[in-house]
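Reader: I am new to reading protein structures. Could you go through this one with me?
Author: Certainly; please have the model in view.

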Amino acid sequence: MGFPDRIERSISVARPPAKVWEAITTAEGLGTWFGHKATVDLRVGGLAQLAFEGGHSADLRIERLEPPHVFGYTWGISGLPAGDPRRTYVEFTLEPVAGGTRLTVVESGFAQLPGDLYSGAYGGNVQGWQSELGELVEYLDARA
């Protein structure tokens with residue numbers, strides 16, 4: 001039996017899709033709830049760069065962009081050396097629902113990792129998405 005390859009989380013947000021889209025695709029949004037600071041070149045092939053407290057950073061390559069419904073990017077995997085070509089793919093899907101938006105995030109690509117790196121990367125991101133989605137809701141609530 002192989003390792004699970006993907007993390008999937010869905011939340012309901014009491015904000016319209018346009019507001020959620022803005023929060024997940026702009027430097028101001030990403031740099032507030034997801035990182036400490038961000039830059040975003042919002043186009044397929046564009047880069048988004050996140051800086052986190054403590055000096056950690058992440059480069060995201062935008063792979064899919066269907067405003068205001070789908071935002072997908074690849075990014076490096078925790079535990080791999082800088083320059084390693086292996087990446088996971090993260091996709092946000094926004095669906096209008098009564099009272100707001102259903103946001104689903106799926107991150108896939110963990111099965112490419114050897115066992116010694118898998119548990120840290122997968123487990124860390126499972127916890128990370130739980131925390132980050134909570135921060136996204138707080139960010140959106142603060143701008144209501």
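Author: Let us begin with a term: a residue is called buried if its relative accessible area is under 20%. Please also keep in mind that this is a predicted model.

Reader: Fine. Which residues of helix H2 are buried?
Author: In H2, which spans residues 27–34, the buried residues are Gly29, Leu30, Gly31, Trp33 and Phe34.

Reader: And what covers them?
Author: The cover includes helix H1 (17–25) and helix H3 (115–142). It also includes the strands E2 (37–40), E3 (47–51), E5 (70–76) and E6 (87–97).

Reader: What does Trp33 touch?
Author: Leaving aside residues up to four places away in sequence, Trp33 touches Ala23, Ile24, Phe92, Glu132, Glu135, Leu136 and Tyr139.

Reader: Which residues touch the most other members of the largest nonpolar core?
Author: They are Trp33, Tyr73, Phe92 and Trp129, in a core of 38 residues. The element that gives the most to this core is H3, with nine residues.

Reader: Let me change topic. How are the strands ordered in the sheet?
Author: There are seven strands in an open sheet, and the order is E1-E7-E6-E5-E4-E3-E2, with antiparallel pairing.

Reader: Why do E1 and E2 each have one side without a neighbour?
Author: Strand E1 (6–13) and E2 stand at the edges, and each has a single partner strand, so one side of each has no neighbour in the sheet. From one strand to the next, the twist averages 20 degrees.

Reader: How many bridges join E5 to E6?
Author: Seven bridges join these two antiparallel strands. Within this region, Thr74 stands opposite Tyr89 in E6.

Reader: Where does H1 pack?
Author: H1 packs on the sheet and touches E1, E2, E4 (57–66), E5, E6 and E7 (100–108). The direction of H1 makes about 160 degrees with that of E6.

Reader: And which strands does H2 lie across?
Author: H2 lies across E2, E3, E5 and E6, and runs at about 150 degrees to E2.

Reader: One more topic: what is the volume of the largest pocket?
Author: Its volume is about 620 Å³. The lining has 23 residues, and those closest to the centre of the pocket are His56, Ala58, Trp75, Gly76 and Ser78.

Reader: Which element gives the most to that lining?
Author: H3 does, with four residues. E4, E5 and H3 each supply at least two residues of the lining.

Technical notes
Residues numbered from 1 in each chain as written. Predicted model: local features only at pLDDT ≥ 70, side-chain atom pairs only at ≥ 80, totals over all residues. Heavy atoms only, no water. Buried < 20%, exposed > 50% of the residue type's maximum accessible area, 1.4 Å probe, protein only. Contact = heavy atoms within 4.5 Å. Core = buried A, V, L, I, M, F, W, Y, C linked by side-chain atoms within 4.5 Å. Pairing = 2+ DSSP bridges. Axes fitted to C-alpha atoms, helices over the stretch in contact; angles between N-to-C directions. 1 Å grid on protein atoms, 1.4 Å probe; cavity = no way out; pocket = protein on both sides within 12 Å on 5 of 7 lines; lining within 4 Å. Points joined across faces, edges and corners; volume = space filled by probe spheres on them.
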